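Dear colleague,

Please find below the structure that I am handing over to you. I would be grateful if you could read the notes that follow it alongside the coordinates.

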Amino acid sequence: MRDVLETGKSLLPGLSVAVLVAMAAQFLSEHYGAPAMLMAILIGLAFHFLSDDPRTAAGLAFASKVVLRLGVALLGLRISFATVAALGPAPLFVVVAGVVATILFGLGLARIMRQPKAFGFLTGGSVAICGASAAMAIAAILPPSPERERNLSFTVISVTLMSTIAMVFYPILASKMGLDPISAGLLLGATIHDVAQAAGAGFSVSPETGEIATMFKLFRVALLGPVIVMAALILRRHGSPSAGKVPILPGFVVVFLCMASANTAGFVPSLVVDGIRPVTNAALLTAIAAVGIKTSIPAVMKVGPSAILTVLLETLFLLGFVVLCLQVAI
C-alpha cells in the first residue's frame, strides 16, 4: 500500500498539469467552438519546459501512455457492430477499401517523400481511421524512437486542421454532387477524420445525413482494432529488434474489442454508455495534452514541408477514392 501511495504521489504533479491543460482545452472548445484535441496539444506545447522537470516527468509519461491506452480502449463502447452492419455490404466495403488504400498510400508516399515508414503508417492510419485518436493508438505500438512523440504531435495538429477544413467544405461538395442523404452520409462519414466533425458536417446537411455519417464514421473507428493487430504482427515479423516487444494483441485493443462486442450484444446499458463517453473524452484529451507538453516546438518544425504535403495528399487521396466509388455507384 505504501508503494502505491508513493507511486501516486510521484505521478500527481505531472498528471495534474495534463488534466488542467485538458480542462482549458475543453473550455475553449465549449465556449468558442475550437477543436478540443487541437487546443490541448497547442496549449501543451507552451508548457514544454515542464517535461524536463523531474517533479512532473513521471506523471506526464503516465498520462501519455497509460491514460492514452485507457481512452482508446473505452472507445469500443461507441461501437455497435449490428447497427453498422445494417448499413449494407456495399457502402461498408467502400469504407474498408478506403481505409486500406489510404494506409497503403501513406506508406508509399512516405517512401517517395523520404520519410520513415512509421511516419507514413502514423499519418496514413490517422487520416484513414479516426484522426487524433487513431494517431495516438498507432503511436502506442510503434517502437520507441526520438522522433515518435514529435511525429505524433505533428500528426494530431495536421489531421485536426484538415478535419476542421473538411467539416466546412465537404458538405458543400456533397451538395454540388447532388447526393442523396445516404450517399452524402457515406461521403462525410468515410472521409472526415474526427468523429465529432464528421457528425457535425452530416447534421449541417440534414438530420438523416448526420445520423448516417456518424454511423459510417463509427465503423471506421471499429476498424482501429484490426489495424492495430495487423500492424503489431508486421512489426514483430519485419520490424526492428525493439518491435519484437510489441504484443500481437495489445491489451488496450483487447479491451476495445471486448467493449465493442459487449455493446453489440446489448450487455451494456445505454445509461452506462452515455456515462462512459465523457470519461473517454477526458482520457484522450488528457493524454494528448501530455503529449503536447512533452513535445518541443523546434522539434515539430523539423518535420519539414514534405511531412505537411504527405498529410494533405493522404487526405485528398481518401476523398478522391470515396468520390470515385460514389460516381461509379451513381
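The notes below set out what was found, topic by topic.

Please bear in mind that this is a predicted model.

Cysteines

The structure contains zero disulfides. The sulfur of C130 has its closest cysteine sulfur in C258, and the 18 Å between them is too far for a bond, because a disulfide requires the two sulfur atoms to lie within 2.5 Å. C258 is likewise in no disulfide, the nearest cysteine sulfur being that of C130. As for their surroundings, C130 is buried, with a relative accessibility of 4%, whereas C258 is partly exposed, at 47%.

Charged and aromatic pairs

The model holds one salt bridge. Its partners are R55 and D53, whose closest N and O atoms are 2.8 Å apart. R55 is exposed, at 61% relative accessibility. D53, by contrast, counts as buried because its relative accessibility is 16%, which is under the 20% limit.

Four aromatic pairs were found when the whole structure was searched. In addition, F105, F317 and F321 are linked by ring pairs into a cluster.

Nonpolar surface patch

Which residues make the nonpolar surface patch? V96, V100, L104 and L107 make it, and its area is about 300 Å². V96 belongs to helix 5, which covers residues 89-112. At 31% relative accessibility, V96 is classed as partly exposed, so the residue passes the requirement of over 30% relative accessible area that applies to members of a patch.

Two valines in helices

V253 is located in helix 13, formed by residues 251-264. Is V253 buried or exposed? V253 is buried, with a relative accessible area of 2%. When neighbours within four places in sequence are left aside, V253 is in contact with G225, I228 and V229. V253 and A140 are separated by 113 residues in sequence, and their C-alpha atoms are 11 Å apart in space.

V323 is part of helix 16, which runs over residues 304-329. V323 counts as buried because its relative accessibility of 18% falls under the 20% limit. Not counting residues up to four places away in sequence, V323 touches L173, M177 and L187. For V323 and L235, the separation is 88 residues in sequence and 32 Å in space, taken from C-alpha to C-alpha.

A backbone feature

R114 sits in the loop between helix 5 and helix 6, the latter spanning 117-128. What is the sign of phi in R114, a residue other than glycine? The phi value of R114 is positive, near 60°. R114 is also exposed, with a relative accessibility of 80%.

Summary

For ease of reference, the main points are repeated here.

- Cysteines: zero disulfides are present, and the sulfurs of C130 and C258 are 18 Å apart.
- Charged pair: R55 and D53 form a salt bridge.
- Aromatic rings: F105, F317 and F321 form a cluster through ring pairs.
- Surface: V96, V100, L104 and L107 make a nonpolar patch of about 300 Å².
- Helix residues: V253 is buried in the model, and V323 is buried as well.
- Loop residue: R114 has a positive phi near 60°.

With kind regards

Note on methods
Residues are numbered from 1 along each chain as its sequence is written. This is a predicted model: local features need pLDDT of at least 70, side-chain atom pairs count only at pLDDT 80 or more; totals for chains, interfaces and linings use all residues. Side-chain values use heavy atoms; hydrogens and water are left out. Buried means under 20% relative accessible area, exposed over 50%, partly exposed in between (1.4 Å probe, protein chains only). Patches are made of residues with over 30% relative accessible area and no salt bridge: like charges are joined within 9 Å, nonpolar side chains (Val, Leu, Ile, Met, Phe, Trp, Tyr) within 5 Å. Accessible areas come from the Shrake-Rupley method with a 1.4 Å probe; for residues, only the protein chains shown count as cover. A salt bridge is a side-chain nitrogen of Lys or Arg within 4 Å of a carboxyl oxygen of Asp or Glu. Helices (H or I, at least four residues) and strands (E, at least two) are DSSP runs, numbered from the N terminus. Rings of Phe, Tyr and Trp (its six-membered ring) pair if their centres lie within 6.5 Å; planes under 30 degrees apart count as stacked, over 60 as edge-to-face and the rest as tilted. Contact means heavy atoms within 4.5 Å.
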